[in-house]
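Please read the following account with the sequence and the coordinates side by side. The walk begins at one aromatic contact and then turns to a helix, a pocket and a strand.

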Amino acid sequence: MRVLLALFVAGSVVCAVLVARAGPAPDLGKGVDGIAAWLNDVTGECTDVRKGEDFAAFAGSVRAKVYGPYIAEWGTCVKPPYERLGLLVLRPGLEEAWRAALVRGEVRGDPDLVFGEGFAITGSTGMEHLGLKRLECTPTACSLIAIKHH
């Protein structure tokens, strides 16, 4: 496992986050616990895992409507700088649902998730080191794009 140092600015303070280059994918057979264990293995952070909370209260009503049918399981963990980082085990179809919501004018831009194979995470800071991708969508197509280092 390669360890990397990621720097980011929070307000006027420069923060350093020690992250590891992602290795094997999470064990999705263990659901959210598998994602949390993987994230903890590669970053040393993903504690206080919680499941069963109201997704709409976490993500907002619009995102809950679009994402909800495609979430097999979801939960959160604490991973600085996030107080609650969303961990989602996905069912197929989220891309098509997002495109349809774009066409209907319910959403704009791209989903605010980063994606792995069969799962997504709500954060963005440091996710480029985990091998995750962002989803870019237009009303006619979506593409998974590697996250660039800043």
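In this predicted model, phenylalanine 58 and tryptophan 74 are both buried, and it is with these two side chains that the description begins. The centres of their rings lie 5.1 Å apart and the planes meet at 35°, and because an angle that is neither under 30 degrees nor over 60 falls into the remaining class, the pair formed by phenylalanine 58 and tryptophan 74 is described as tilted. Phenylalanine 58 belongs to helix α2, which covers residues 55-59, whereas tryptophan 74 sits in strand β4, which covers residues 71-79, and the contact thus links distant parts of the chain, 16 residues apart. Phe55 joins Phe58 and Trp74 in one aromatic cluster.

A search of the whole structure finds five aromatic pairs. One of them joins tryptophan 38 to phenylalanine 119 in an edge-to-face arrangement, with 5.5 Å from centre to centre and 70° between the planes. Since tryptophan 38 is part of helix α1 and phenylalanine 119 is part of strand β7 (residues 119-121), this pair ties together parts that are 81 residues apart in sequence. Both partners can be followed by their accessibility: tryptophan 38 has a relative accessible area of 7% and is buried, and phenylalanine 119, at 2% relative accessibility, also counts as buried.

Helix α1 itself deserves a fuller look. The helix runs over residues 32-43, a total of 12 residues, and the distance from its first C-alpha to its last is 16 Å, close to the 16 Å expected at 1.5 Å a residue. Its buried residues are Val32, Gly34, Ile35, Ala36, Trp38, Leu39, Val42 and Thr43. In reading such a list, it helps to recall that an α-helix has 3.6 residues a turn, so residues three or four places apart point the same way.

What does the side chain of threonine 43 reach at 2.7 Å? Threonine 43, which lies in helix α1, has a relative accessible area of 10%, and because buried means under 20%, this residue is counted as buried. Its side chain reaches the backbone oxygen of leucine 39 at 2.7 Å, while a polar atom of the same side chain of threonine 43 lies 2.9 Å from the backbone oxygen of glutamate 45. Just after α1, glycine 44 takes a positive phi of about 80°.

The second largest pocket offers a further place to pause, with about 280 Å³ of space. Of the 14 residues that line this pocket, those closest to its centre are Leu90, Glu95, Phe115, Gly116 and Gly118. The elements that give two or more residues to the lining are α4 (94-104) and β6 (114-116), and the largest share, three residues, comes from α4. Sorted by class, the lining of the second largest pocket holds seven nonpolar, three polar and four charged residues.

The last stop is strand β9, residues 142-146, in which alanine 146 lies. At 44% relative accessibility, alanine 146 counts as partly exposed. The C-alpha atom of alanine 146 is separated by 9.6 Å from that of valine 114, although the two residues are 32 residues apart along the chain.

How values were computed. Residues numbered from 1 in each chain as written. Heavy atoms only, no water. Helix = DSSP H or I, 4+ residues; strand = E, 2+ residues; numbered from the N terminus. Expected span 1.5 Å × (residues − 1). Buried < 20%, exposed > 50% of the residue type's maximum accessible area, 1.4 Å probe, protein only. Phe/Tyr/Trp six-rings, centres within 6.5 Å; stacked < 30°, edge-to-face > 60°. 1 Å grid on protein atoms, 1.4 Å probe; cavity = no way out; pocket = protein on both sides within 12 Å on 5 of 7 lines; lining within 4 Å. Points joined across faces, edges and corners; volume = space filled by probe spheres on them. Nonpolar A, V, L, I, M, F, W, Y, C, P; charged D, E, K, R; others polar. Polar contact = N/O pair within 3.5 Å; in protein donor to acceptor, adjacent residues only side chain to side chain.
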